[in-house]
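Got the viewer open? Here is a short tour, stop by stop, with what to select and what you'll find there.

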Amino acid sequence: TCPTKPQPSAPTAQDQECAISSHVDRYLKQTQHNMPNLQPSAPSIYEPEFAVQAYAVDTAQSSSNRGGYSTHKVRDSVIGGAAVAGGVVGLLIAGHVFALVGAVGACVLATQNNMAGEIARASGNVVVAAGDRAKKIDKEHHIVDKIQRTAKNALQSAKEFDEKHHVGEKISNGLKGLADEIRPKKK
């Protein structure tokens, strides 16, 4: 149980633990009340880890830190995911230079305690979840192995075809002849 005493200026570890426990209990009750027929599946919104993460985000959002930076530790994978999302957006909007700018900007924003930081962290979480889902699918269906085998077989077939029909040599000779035709003639 959590003691009910006046809060000191700096919360103690016990105070923080009580706050997290209380938040987890409230979150689980609210979730179960709002979705009574929902059966938990892995990963589940009923798991304490999920509620603790929600508490961390809620705490960061309500933080009165004047510097604008989040007071909670943002997972490296979320920052990395935000960088990937920012890089893709930058690439789509303006090319490879802005991909780098977008990636770096999203990394910085993911540590900010404002709406832009929330968006960057959310996009990072989406990328992390997509990566986790892709890993799970690959683990079940061995997609990467199949792609590697297919690519290796295609490369081997292309080499055999080239050895039989000398395609590379013919293309090289054709390009050399074309270059000779285009090159200005010496007078």
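Helices here are DSSP runs of H or I with at least four residues, numbered from the N terminus. With that in hand, select Val-167: it sits in helix α7. Keep in mind throughout that this is a predicted model.

**The whole chain**

Zoom out and colour by secondary structure. The protein chain has seven helices and zero strands, so reading along the sequence gives α-α-α-α-α-α-α. Switch on a surface: the protein chain exposes about 14,300 Å², with carbon and sulfur atoms supplying 62% of that area. Of its 187 residues, 20% count as buried. For a look at how the chain meets itself, take contacts between residues at least 6 apart in sequence: 48% of these join residues at least 24 apart.

**The nonpolar core**

Next, select Ile-79, Ala-82, Ala-106, Ala-110 and Ala-120 and show side chains. These five residues form the largest nonpolar core. Helices α3 and α4 (96-110) each supply at least two of its residues. As a general rule, nonpolar side chains tend to be buried together in soluble globular proteins.

Now stay on Ala-82. Which residues does Ala-82 touch, leaving aside neighbours within four places in sequence? Its contacts are Ala-106, Ala-110, Ala-120, Ser-123 and Gly-124.

**Leu-91**

Move along to Leu-91, which lies in helix α3 (residues 76-94). Buried or exposed, or something between? Leu-91 counts as partly exposed because its relative accessibility is 48%, and that class runs between 20% and 50%. Setting aside neighbours within four places in sequence, Leu-91 is in contact with His-96, Phe-98 and Ala-99. Try a distance label to Gly-102 as well: Leu-91 and Gly-102 are eleven residues apart in sequence, and their C-alpha atoms are 8.1 Å apart.

**Helix α6 and the histidines at either side**

Select residues 143-165 for helix α6. This helix has 23 residues and spans 32 Å from first C-alpha to last, close to the 33 Å expected at 1.5 Å a residue.

Then pick His-142, in the loop between α5 (115-141) and α6. His-142 isn't a glycine, yet its phi is positive, at about 55 degrees. With a relative accessible area of 43%, His-142 is partly exposed.

Jump to His-166, which follows α6 and belongs to the loop between α6 and α7. What is the sign of phi at His-166? It is positive, about 55 degrees, although His-166 is not a glycine either. At 42% relative accessibility, His-166 counts as partly exposed.

**The α7 surface patch**

One step on brings you back to Val-167. Select it together with Phe-161, Ile-171, Leu-175, Leu-178 and Ile-182: they make a nonpolar surface patch of about 590 Å². Helix α7 (residues 167-182) contributes the largest share of the patch, five residues. Why can Val-167 belong to a patch? Patch residues need over 30% relative accessible area, and Val-167 is partly exposed at 31%.

**The salt bridge**

Last stop: select Asp-180 and Arg-183. Side chains of opposite charge can pair when their charged atoms come close. Asp-180 forms a salt bridge with Arg-183, with 3.3 Å between the closest N and O atoms. How many salt bridges does the structure hold? Just this one. Asp-180 itself is partly exposed, at a relative accessible area of 36%.

Key. Residues are numbered from 1 along each chain as its sequence is written. This is a predicted model: local features need pLDDT of at least 70, side-chain atom pairs count only at pLDDT 80 or more; totals for chains, interfaces and linings use all residues. Side-chain values use heavy atoms; hydrogens and water are left out. Patches are made of residues with over 30% relative accessible area and no salt bridge: like charges are joined within 9 Å, nonpolar side chains (Val, Leu, Ile, Met, Phe, Trp, Tyr) within 5 Å. Accessible areas come from the Shrake-Rupley method with a 1.4 Å probe; for residues, only the protein chains shown count as cover. A salt bridge is a side-chain nitrogen of Lys or Arg within 4 Å of a carboxyl oxygen of Asp or Glu. Buried means under 20% relative accessible area, exposed over 50%, partly exposed in between (1.4 Å probe, protein chains only). Contact means heavy atoms within 4.5 Å. A nonpolar core is a set of buried Ala, Val, Leu, Ile, Met, Phe, Trp, Tyr and Cys residues joined through side-chain atoms within 4.5 Å. The expected span of a helix is 1.5 Å times one less than its number of residues.
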